[in-house]
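Reader: I'm happier with a pipette than with a ribbon diagram. Could you walk me through reading one?

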Amino acid sequence: MLQRQLKKVPQLVMRTLTLVSLRRRRKRRRKSWLNSDRDYTYSELLSRAFKTLRQNNPELAGEKKRYTIVPPSIHREGNKKTIFANVADIAKRMHRNPEHVIQFLFAELGTSGSVDGAQRLIIKGRFQQKQIENVLRHYIVDYVTCKTCKSPDTILHKDNRLYFVQCEACGSSRSVTAIKTGFKAQTKEDRRAAKRV
Ligand SMILES: [Zn+2]
(Lines give C-alpha, C1' and ligand atoms only; values in the text may rest on other atoms or scores of the structure.)
Protein backbone atom coordinates (compact mmCIF):
# COMPACT_ATOMS: atom_id res chain seq x y z
CA MET A 1 0.00 0.00 0.00
CA LEU A 2 2.72 2.43 1.01
CA GLN A 3 4.59 1.52 -2.14
CA ARG A 4 1.66 2.34 -4.34
CA GLN A 5 1.31 5.65 -2.56
CA LEU A 6 4.99 6.43 -3.01
CA LYS A 7 4.63 6.03 -6.77
CA LYS A 8 2.44 9.08 -6.79
CA VAL A 9 5.10 11.01 -4.97
CA PRO A 10 6.46 13.30 -7.74
CA GLN A 11 3.10 14.97 -8.35
CA LEU A 12 2.59 15.29 -4.66
CA VAL A 13 5.89 16.91 -3.84
CA MET A 14 4.73 20.49 -3.82
CA ARG A 15 1.52 19.71 -2.02
CA THR A 16 3.37 17.59 0.47
CA LEU A 17 5.92 20.24 1.23
CA THR A 18 3.14 22.66 2.05
CA LEU A 19 1.39 19.98 4.05
CA VAL A 20 4.57 19.20 5.93
CA SER A 21 5.11 22.74 7.09
CA LEU A 22 1.42 23.08 7.99
CA ARG A 23 1.55 19.84 9.83
CA ARG A 24 4.69 20.82 11.63
CA ARG A 25 3.03 23.93 12.91
CA ARG A 26 -0.01 21.94 13.94
CA LYS A 27 2.15 19.26 15.53
CA ARG A 28 3.95 21.82 17.58
CA ARG A 29 0.59 22.98 18.79
CA ARG A 30 -0.86 19.65 19.77
CA LYS A 31 1.86 17.00 19.24
CA SER A 32 -1.00 14.60 18.87
CA TRP A 33 0.89 11.40 18.27
CA LEU A 34 3.61 11.90 20.84
CA ASN A 35 1.92 10.06 23.67
CA SER A 36 -0.28 7.82 21.62
CA ASP A 37 0.10 4.57 19.76
CA ARG A 38 -2.15 5.49 16.87
CA ASP A 39 -1.02 4.85 13.27
CA TYR A 40 0.57 7.60 11.28
CA THR A 41 -1.72 9.42 8.93
CA TYR A 42 -1.01 9.32 5.22
CA SER A 43 0.62 12.73 5.13
CA GLU A 44 2.72 11.97 8.20
CA LEU A 45 3.96 8.81 6.50
CA LEU A 46 4.70 10.71 3.35
CA SER A 47 6.62 13.41 5.13
CA ARG A 48 8.61 10.79 7.04
CA ALA A 49 9.43 9.05 3.77
CA PHE A 50 10.57 12.33 2.26
CA LYS A 51 12.65 13.24 5.26
CA THR A 52 14.53 9.96 4.94
CA LEU A 53 14.81 10.35 1.19
CA ARG A 54 16.23 13.85 1.50
CA GLN A 55 18.72 12.72 4.11
CA ASN A 56 19.96 9.71 2.15
CA ASN A 57 19.41 10.52 -1.51
CA PRO A 58 18.85 14.25 -2.01
CA GLU A 59 18.98 13.84 -5.80
CA LEU A 60 15.93 11.53 -5.73
CA ALA A 61 13.94 14.10 -3.80
CA GLY A 62 14.47 16.56 -6.62
CA GLU A 63 17.44 18.28 -5.04
CA LYS A 64 19.89 17.56 -7.78
CA LYS A 65 23.56 17.40 -6.95
CA ARG A 66 25.53 18.86 -9.80
CA TYR A 67 28.87 17.43 -10.64
CA THR A 68 31.34 20.19 -11.27
CA ILE A 69 34.99 20.09 -12.13
CA VAL A 70 37.59 22.74 -11.51
CA PRO A 71 38.28 24.65 -14.72
CA PRO A 72 41.31 23.48 -16.67
CA SER A 73 44.18 25.92 -16.39
CA ILE A 74 45.21 26.54 -19.97
CA HIS A 75 47.78 28.87 -21.44
CA ARG A 76 49.73 29.18 -24.62
CA GLU A 77 53.38 28.59 -24.97
CA GLY A 78 54.69 30.25 -28.06
CA ASN A 79 52.68 29.77 -31.19
CA LYS A 80 52.52 26.03 -31.39
CA LYS A 81 51.97 24.69 -27.90
CA THR A 82 49.28 24.78 -25.27
CA ILE A 83 49.94 24.06 -21.61
CA PHE A 84 47.35 22.30 -19.51
CA ALA A 85 48.79 22.89 -16.07
CA ASN A 86 46.33 21.15 -13.73
CA VAL A 87 45.62 17.97 -15.67
CA ALA A 88 46.93 15.77 -12.85
CA ASP A 89 44.73 17.49 -10.30
CA ILE A 90 41.65 17.20 -12.48
CA ALA A 91 42.32 13.51 -13.16
CA LYS A 92 42.76 12.93 -9.44
CA ARG A 93 39.43 14.60 -8.65
CA MET A 94 37.74 12.31 -11.16
CA HIS A 95 39.56 9.31 -9.69
CA ARG A 96 41.12 8.56 -13.03
CA ASN A 97 44.62 7.84 -14.12
CA PRO A 98 46.04 11.01 -15.77
CA GLU A 99 47.38 8.80 -18.57
CA HIS A 100 43.85 7.79 -19.49
CA VAL A 101 42.56 11.37 -19.46
CA ILE A 102 45.52 12.52 -21.56
CA GLN A 103 44.99 9.72 -24.05
CA PHE A 104 41.40 10.82 -24.45
CA LEU A 105 42.39 14.48 -24.84
CA PHE A 106 44.89 13.64 -27.56
CA ALA A 107 42.44 11.44 -29.42
CA GLU A 108 39.69 14.06 -29.27
CA LEU A 109 41.91 16.99 -30.16
CA GLY A 110 43.73 15.00 -32.80
CA THR A 111 47.12 15.87 -31.48
CA SER A 112 49.85 14.63 -29.18
CA GLY A 113 52.17 16.03 -26.57
CA SER A 114 54.05 15.24 -23.41
CA VAL A 115 54.05 15.73 -19.65
CA ASP A 116 56.80 17.89 -18.21
CA GLY A 117 58.62 17.64 -14.89
CA ALA A 118 55.96 19.70 -13.13
CA GLN A 119 53.18 17.30 -14.24
CA ARG A 120 51.93 19.84 -16.73
CA LEU A 121 50.64 18.61 -20.03
CA ILE A 122 52.26 20.21 -23.05
CA ILE A 123 49.88 19.84 -25.97
CA LYS A 124 51.00 20.32 -29.54
CA GLY A 125 48.87 22.93 -31.22
CA ARG A 126 46.85 25.92 -30.09
CA PHE A 127 43.77 25.16 -28.07
CA GLN A 128 41.44 27.31 -26.07
CA GLN A 129 40.28 26.65 -22.56
CA LYS A 130 36.72 26.10 -23.79
CA GLN A 131 37.81 23.34 -26.17
CA ILE A 132 39.69 21.52 -23.43
CA GLU A 133 36.75 21.96 -21.09
CA ASN A 134 34.42 20.45 -23.71
CA VAL A 135 36.64 17.45 -24.13
CA LEU A 136 36.77 16.96 -20.36
CA ARG A 137 32.99 17.16 -20.25
CA HIS A 138 32.79 14.40 -22.83
CA TYR A 139 35.28 12.37 -20.88
CA ILE A 140 33.11 12.66 -17.78
CA VAL A 141 30.00 11.54 -19.66
CA ASP A 142 31.82 8.63 -21.32
CA TYR A 143 34.16 7.46 -18.59
CA VAL A 144 33.15 8.88 -15.22
CA THR A 145 29.46 9.28 -14.44
CA CYS A 146 27.23 6.32 -13.74
CA LYS A 147 24.50 6.06 -16.37
CA THR A 148 22.13 4.50 -13.88
CA CYS A 149 22.26 6.90 -10.95
CA LYS A 150 24.43 9.74 -12.35
CA SER A 151 26.89 9.45 -9.49
CA PRO A 152 30.46 10.53 -10.31
CA ASP A 153 31.85 8.14 -7.70
CA THR A 154 32.91 5.39 -10.04
CA ILE A 155 35.98 3.38 -10.73
CA LEU A 156 37.38 2.40 -14.10
CA HIS A 157 38.81 -1.07 -14.29
CA LYS A 158 40.08 -3.36 -16.97
CA ASP A 159 38.86 -6.89 -17.31
CA ASN A 160 39.90 -9.09 -20.21
CA ARG A 161 40.96 -6.17 -22.35
CA LEU A 162 37.60 -4.50 -21.77
CA TYR A 163 37.11 -1.43 -19.66
CA PHE A 164 34.29 -1.12 -17.16
CA VAL A 165 32.96 1.81 -15.23
CA GLN A 166 31.73 0.54 -11.91
CA CYS A 167 29.55 2.73 -9.71
CA GLU A 168 30.47 2.99 -6.05
CA ALA A 169 27.07 4.45 -5.22
CA CYS A 170 24.62 2.00 -6.81
CA GLY A 171 26.91 -0.87 -7.81
CA SER A 172 25.94 -0.92 -11.47
CA SER A 173 28.62 -1.53 -14.03
CA ARG A 174 28.87 -0.73 -17.73
CA SER A 175 31.49 -1.45 -20.32
CA VAL A 176 33.17 1.45 -22.06
CA THR A 177 35.07 1.58 -25.30
CA ALA A 178 38.81 1.82 -25.31
CA ILE A 179 40.12 5.18 -26.44
CA LYS A 180 41.05 5.23 -30.09
CA THR A 181 44.66 6.22 -30.16
CA GLY A 182 46.65 7.38 -33.09
CA PHE A 183 46.87 10.66 -34.79
CA LYS A 184 43.71 11.96 -36.32
CA ALA A 185 44.47 14.55 -38.94
CA GLN A 186 42.47 17.72 -38.48
CA THR A 187 40.46 18.66 -41.51
CA LYS A 188 39.68 22.21 -42.49
CA GLU A 189 36.16 21.60 -41.20
CA ASP A 190 37.44 20.43 -37.81
CA ARG A 191 39.56 23.51 -37.51
CA ARG A 192 36.67 25.77 -38.39
CA ALA A 193 34.44 23.96 -35.88
CA ALA A 194 37.12 24.32 -33.24
CA LYS A 195 37.29 28.07 -33.85
CA ARG A 196 33.55 28.38 -33.32
CA VAL A 197 33.67 26.80 -29.84
ZN1 LIG B 1 25.28 4.38 -9.96
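**Reading the fold, step by step**

Author: Sure. Let's begin with an inventory: the chain has 7 helices and 7 strands. Keep in mind that this is a predicted model.

Reader: In what pattern do they follow each other along the sequence?

Author: Going along the sequence, you meet α-α-α-β-β-α-α-β-β-α-β-β-β-α.

Reader: And how do I read a sheet?

Author: The general idea is that strands of a sheet pair through backbone hydrogen bonds, either parallel or antiparallel. Here, there is an open sheet of 4 strands in the order β1-β2-β4-β3, and the pairing is antiparallel. At the edges sit β1 (74–77) and β3 (113–115), each of which pairs on one side only. On average, neighbouring strands in this sheet are turned by 20° against each other, direction ignored.

Reader: How many bridges join β2 to β4?

Author: There are 4 bridges between β2 (residues 81–84) and β4, and the two strands run antiparallel. For a landmark, find I83: it stands opposite I122 in β4.

Reader: Okay, what about the greasy part?

Author: In soluble globular proteins, nonpolar side chains tend to be buried together. In this model, the largest nonpolar core holds 19 residues, and the members touching the most others are F84, V87, V101, I102 and L105. Two or more residues each come from α4 (87–93), α5 (98–109), β4 (121–124) and α6 (129–144). The top contributor is α5, with 6 residues.

Reader: Say I click on I102. Which residues is it in contact with, leaving aside neighbours within four places in sequence?

Author: I102 then has contacts with V87 and L121.

Reader: How do I tell which way a helix faces?

Author: Mark its buried residues and see where they fall around the axis. Try α6, where Q131, I132, L136, Y139 and V144 are buried. These cover an arc of only 150° around the axis, so they lie on the same side of α6. Now turn to the other side of α6: R137 and V141 are exposed there.

Reader: Zooming out, what share of the chain counts as buried?

Author: Of its 197 residues, 14% count as buried.

Reader: And how much of the contact map links residues far apart in sequence?

Author: Take the contacts in the chain with a separation of 6 or more: 47% of them are between residues 24 or more positions apart.

Definitions and conventions:
Residues are numbered from 1 along each chain as its sequence is written. This is a predicted model: local features need pLDDT of at least 70, side-chain atom pairs count only at pLDDT 80 or more; totals for chains, interfaces and linings use all residues. A nonpolar core is a set of buried Ala, Val, Leu, Ile, Met, Phe, Trp, Tyr and Cys residues joined through C-beta atoms within 7 Å. A residue is buried if 20 or more other C-beta atoms lie within 10 Å of its own, exposed if 12 or fewer, and partly exposed in between; C-beta atoms are placed from the backbone. Two residues are in contact if their C-beta atoms, placed from the backbone, lie within 7 Å. Two strands pair if DSSP finds at least two bridges between them. Axes are lines fitted to C-alpha atoms, for helices over the stretch in contact, and angles run from 0 to 180 degrees between N-to-C directions. The arc is that of the directions from the helix axis to the C-beta atoms.
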